Amino acid sequence: MNSITIGPYSDKAHRAEVVALWEIVFGYEAAHNKPALVIDKKVSFGDALFFVALVGDVVIGTVMAGYDGHRGWIYSVAVSPAHRRQGVGAQLVRFAERVLTSKGCVKVNLQIVEENKGVTAFYGVLGYAVEKRVSMGKRFHENIDTA
Ligand SMILES: CC(C)(COP(=O)(O)OP(=O)(O)OC[C@H]1O[C@@H](n2cnc3c(N)ncnc32)[C@H](O)[C@@H]1OP(=O)(O)O)[C@@H](O)C(=O)NCCC(=O)NCCS
């Protein structure tokens, strides 16, 4: 395959391609997961923990991370269907892990939606284990633009 590079997300250079990729890969319907909202929130937060995989200047993958001083999180791991099973997803996760460990992070977590639990095999290869947790969440509708 062509060599890939992983680097910071640029709103100017990558936005349209990331939105298109996420619409294909995730197809989220819920307003709080709309790509434009997710991207705008992450960019304005300014933690620089959003990365893209590129072949040339074409976006073929994404990973987003978060670190709050206690746990690291990995989100939005996506590889375009045409580039799967070539190690890109693993490179994205390992890249995010290196950034998190460089910040002193001692543990990283991620969530997988129930319907997608087959992806545990991918994370298992990368050293992740299923943990006995019940994940709970709550939406703040005042911060979700439903227009
Ligand atoms: C999950 C995903 C990111 C994997 O990306 P990828 O680039 O194909 O993964 P890699 O090539 O790095 O895979 C590394 C290893 O993980 C395992 N693996 C990857 N995809 C797998 C799958 N669908 N089923 C089982 N094992 C898988 C394999 O052992 C693979 O090594 P191999 O190809 O030598 O057998 C990609 O399939 C994707 O974008 N899926 C849709 C989005 C998604 O589910 N993201 C995760 C949200 S929590």
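Here, Ala, Val, Leu, Ile, Met, Phe, Trp, Tyr, Cys and Pro count as nonpolar, Asp, Glu, Lys and Arg as charged, and the others, Gly among them, as polar.

**Figure 1. The shell around the ligand in this predicted model**. By that grouping, the shell residues divide into 11 nonpolar, 5 polar and 2 charged. In total, 18 residues surround the ligand, and the closest are Arg-84, Gly-89, Ala-90, Ala-121 and Phe-122. Two or more residues of the shell come from each of E4, H3 and helix H4 (120–125).

**Figure 2. The largest nonpolar core**. Welcome to the interior! This core holds 26 residues, and those with the most contacts inside it are Val-18, Phe-51, Val-63, Ala-65, Leu-92 and Ala-96. Helices H1 (11–25), H2 (35–45) and H3 (88–102) each give two or more residues to the core, as do strands E2 (50–55), E3 (58–67) and E4 (72–79). Take Ala-96 as a starting point: leaving aside neighbours within four places in sequence, Ala-96 is in contact with Phe-51, Val-63, Ala-65 and Ile-74.

**Figure 3. A close look at Phe-51 in strand E2**. Phe-51 counts as buried because 21 C-beta neighbours lie inside 10 Å, and 20 or more are needed for that label. Not counting residues up to four places away in sequence, Phe-51 touches Ile-6, Gly-7, Pro-8 and Tyr-9, along with Val-63, Leu-92, Phe-95 and Ala-96. For a sense of scale, the C-alpha atoms of Phe-51 and Gly-87 are separated by 16 Å, while the two residues are 36 apart along the chain.

**Figure 4. Helix H1 and what covers its buried residues**. The end C-alpha atoms of H1 are 19 Å apart, which agrees with the 21 Å that its 15 residues should span at 1.5 Å a residue. Which residues of H1 are buried? They are His-14, Val-18, Leu-21 and Trp-22. An α-helix has 3.6 residues a turn, so residues three or four places apart point the same way. The cover over the buried residues of H1 includes H2, E2, E3 and E4. After H1 comes Gly-27, with a positive phi near 55°.

**Figure 5. Positive phi at Ala-48 and Arg-85**. Most residues other than glycine have a negative phi, which makes these two loop residues worth a visit. Ala-48 lies in the loop between H2 and E2, and its phi is near 60°. Arg-85 is found in the loop between E4 and H3, also with phi near 60°. Are these residues buried or exposed? Ala-48 is exposed, since 12 other C-beta atoms lie within 10 Å, and Arg-85 counts as exposed with 8 C-beta neighbours inside 10 Å.

Methods
Residues are numbered from 1 along each chain as its sequence is written. This is a predicted model: local features need pLDDT of at least 70, side-chain atom pairs count only at pLDDT 80 or more; totals for chains, interfaces and linings use all residues. A nonpolar core is a set of buried Ala, Val, Leu, Ile, Met, Phe, Trp, Tyr and Cys residues joined through C-beta atoms within 7 Å. Helices (H or I, at least four residues) and strands (E, at least two) are DSSP runs, numbered from the N terminus. Two residues are in contact if their C-beta atoms, placed from the backbone, lie within 7 Å. The expected span of a helix is 1.5 Å times one less than its number of residues. A residue is near a molecule or strand if its C-beta atom, placed from the backbone, lies within 6 Å of it.
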